[in-house]
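This report introduces a protein structure to a reader who has not met it before. The sequence and the structure are shown first.

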Amino acid sequence: MPKSKRRGGGNPRGTSGAQHRNMQSFSDEDASIETMSHCSGFSDPSSITEDGPEVDEEATQEDLEYKLKGLIDLTMDKSAKTRQSALEGLKNALSSKILYEFILERRMTLTDSIERCIKKGKSDEQRAAAGLACLLCVQLGSGIESEEMYKTLAPILKKILCDASASVQARQACATCLGVCCFIATDDITELYTTMECLENIFTKSYQKERNSNSISSPQNTVLHISALLAWTLLLTICPMNEVKKKLEMHLHKFPILLSCDDVNMRIAAGETLALLFELARETDGDFFYEDMELLTQKLKALATDGNKHRAKVDKRKQRSVFRDVLRAVEEHDFPTETVKFGPERMYIDCWVKKQTYDTFKEILGSGMQYHLQSNELLRNVFELGPPLMLDEATLKSMKIPRFERHLYNSAAFKARTKARNKCRDKRADVGEVF
């Protein structure tokens, strides 16, 4: 995967922006009723994209836009609960539908609403607003519109991220938002480096904690450090090679410290970042040599075979699975290729850089990831999938398997699997009787 971002991802550029509207707010009781009526349609992404036998697409689109306009208005309501519900409704819609033209006309209004909610809102509202900012960038793509939005929001996001008195959850959301929006929107290399330094100032505190066993760090701070580390790693994948070399010199010998962290998610995040750093190091230098390789591989093998009784079984299984792959990456320069299916297409994740990028967008888009891989030009450019496939409705319908047929197929497969297992059990039983 290329290390520098490509601009002009194919999204048509518009010049219009929505003007600010003077809105007359209403009572909290009326607002909550209105919010429920607008947000109910977005509680499940399938409610937007659900197929029907005879659907008037134009009328459906008009109805959707009407609901979205109502939600945008409600982001400026006096009630915090109403604003948060409206933000969540917009997030659900943007994650499950391509709404570029609609958003483009209202991006200034949306940016103002997000800015106000992040500045004046409390923890949950700030998290929802930061999540909506990520989705706006994903929808708008890597053009001037996203860049303008990022320039407006970046100073506020950095301020909250570095504010120790702010909610940890809000700081965590701001870290993720900074990483994703900077990855998509900025062409300014100085801004990229500044954002990475801001994130470094957060997660490098875990180095000090692990070095000093007497220091105390709450689990909440660890969660914040993980988010900052993952956002920093995402931005590292688009850095020029000379900057990658500097970051490797600064951090590669320090990351093994984080493998001893008490939090399983921090150990996993550090391990995956370590594998990515080794991948980048070998790309920048064919003769790359790591001095403490033996000690590092011992640590990775211990984590890949961890049987500590004091840890949860789920955590141990997850950790062992990840660190088997990390160990292969460090020792054998190997990556276990994954296949992602979406519609008639397939995408192969064949390196740690691609995996890190995919995991980040999947976290933001949730169940809408497959839809965006098919239709979103930004994501298709990032993963080098080419232009979206133009499939007519008849082709799409022919590719869908009816639910009843899927049920029959799964039942038959289950029966065949059961029979095969029973035969194996019978053979084992016979062998036992012989001896």
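The sections below treat a pocket, the salt bridges, a hairpin and one loop residue in turn.

**The second largest pocket**

The structure is a predicted model. Its second largest pocket has a volume of about 1,200 Å³. Of the 41 residues in the lining of this pocket, Thr-176, Leu-230, Asp-359, Thr-360 and Glu-363 are the closest to the centre. Several helices contribute to the lining: helix 4 (80-96), helix 6 (123-140), helix 8 (168-185), helix 11 (219-236), helix 14 (264-284), helix 16 (313-332) and helix 17 (352-365) each supply at least two residues. The largest share, 8 residues, comes from helix 17. By character, the lining residues of this pocket divide into 18 nonpolar, 13 polar and 10 charged.

**Salt bridges**

Side chains of opposite charge can pair when their charged atoms come close. The structure holds 14 salt bridges. Three of them are set out in the table, each with its N to O distance.

| Pair | N to O distance |
|---|---|
| Glu-148 and Arg-107 | 2.9 Å |
| Glu-115 and Lys-119 | 3.5 Å |
| Lys-301 and Glu-331 | 3.8 Å |

In the salt bridge of Glu-148 and Arg-107, the side chains meet at 2.9 Å, N to O. Glu-148 lies in helix 7 (residues 144-161) and Arg-107 in helix 5 (residues 100-120), so this pair ties together parts that are 41 residues apart in sequence. Glu-148 counts as partly exposed because its relative accessibility is 39%, while Arg-107 counts as buried at 12% relative accessibility.

The salt bridge of Glu-115 and Lys-119 is formed inside one helix. Both residues belong to helix 5, and because they are 4 residues apart, about one helical turn separates them. Glu-115 is buried, with a relative accessible area of 18%, whereas Lys-119 is exposed, with a relative accessible area of 53%.

Lys-301 forms a salt bridge with Glu-331, and the closest N and O atoms of the two are 3.8 Å apart. This pair links distant parts of the chain, with Lys-301 in helix 15 (residues 293-304) and Glu-331 in helix 16, 30 residues apart. Lys-301 is partly exposed, having a relative accessible area of 41%, and Glu-331 also counts as partly exposed, at 37% relative accessibility. In addition, salt bridges that share partners join Glu-200, Glu-243 and Lys-247 into one network.

**The hairpin of strand 1 and strand 2**

Strand 1 (residues 338-342) and strand 2 run antiparallel and are joined by 5 bridges. Lys-341 stands opposite Arg-346, a residue of strand 2. The hairpin has 2 residues between the strands, and in this hairpin Gly-343 takes a positive phi near 60°. Strand 2 (residues 345-349) has two faces: the covered face holds Glu-345, Met-347 and Ile-349, and the uncovered face holds Arg-346 and Tyr-348. Arg-346, the residue opposite Lys-341, is thus on the uncovered face of strand 2.

**A loop residue**

Where does Lys-254 lie? This residue is in the loop between helix 12 (241-251) and helix 13 (255-258). Lys-254 is partly exposed, with a relative accessible area of 25%. Leu-274 is 20 residues from Lys-254 along the chain, and the C-alpha atoms of the two are separated by 9.8 Å.

Note on methods:
Residues are numbered from 1 along each chain as its sequence is written. This is a predicted model: local features need pLDDT of at least 70, side-chain atom pairs count only at pLDDT 80 or more; totals for chains, interfaces and linings use all residues. Side-chain values use heavy atoms; hydrogens and water are left out. Buried means under 20% relative accessible area, exposed over 50%, partly exposed in between (1.4 Å probe, protein chains only). Two strands pair if DSSP finds at least two bridges between them. On a 1 Å grid over the protein atoms alone, a cavity is a set of points where a 1.4 Å probe fits but cannot get out, and a pocket is an open set with protein on both sides within 12 Å along at least five of seven lines; lining residues have an atom within 4 Å of a point. Grid points are joined across faces, edges and corners, and a volume is the space filled by probe spheres set on the points. Ala, Val, Leu, Ile, Met, Phe, Trp, Tyr, Cys and Pro count as nonpolar, Asp, Glu, Lys and Arg as charged, and the others, Gly among them, as polar. A salt bridge is a side-chain nitrogen of Lys or Arg within 4 Å of a carboxyl oxygen of Asp or Glu.
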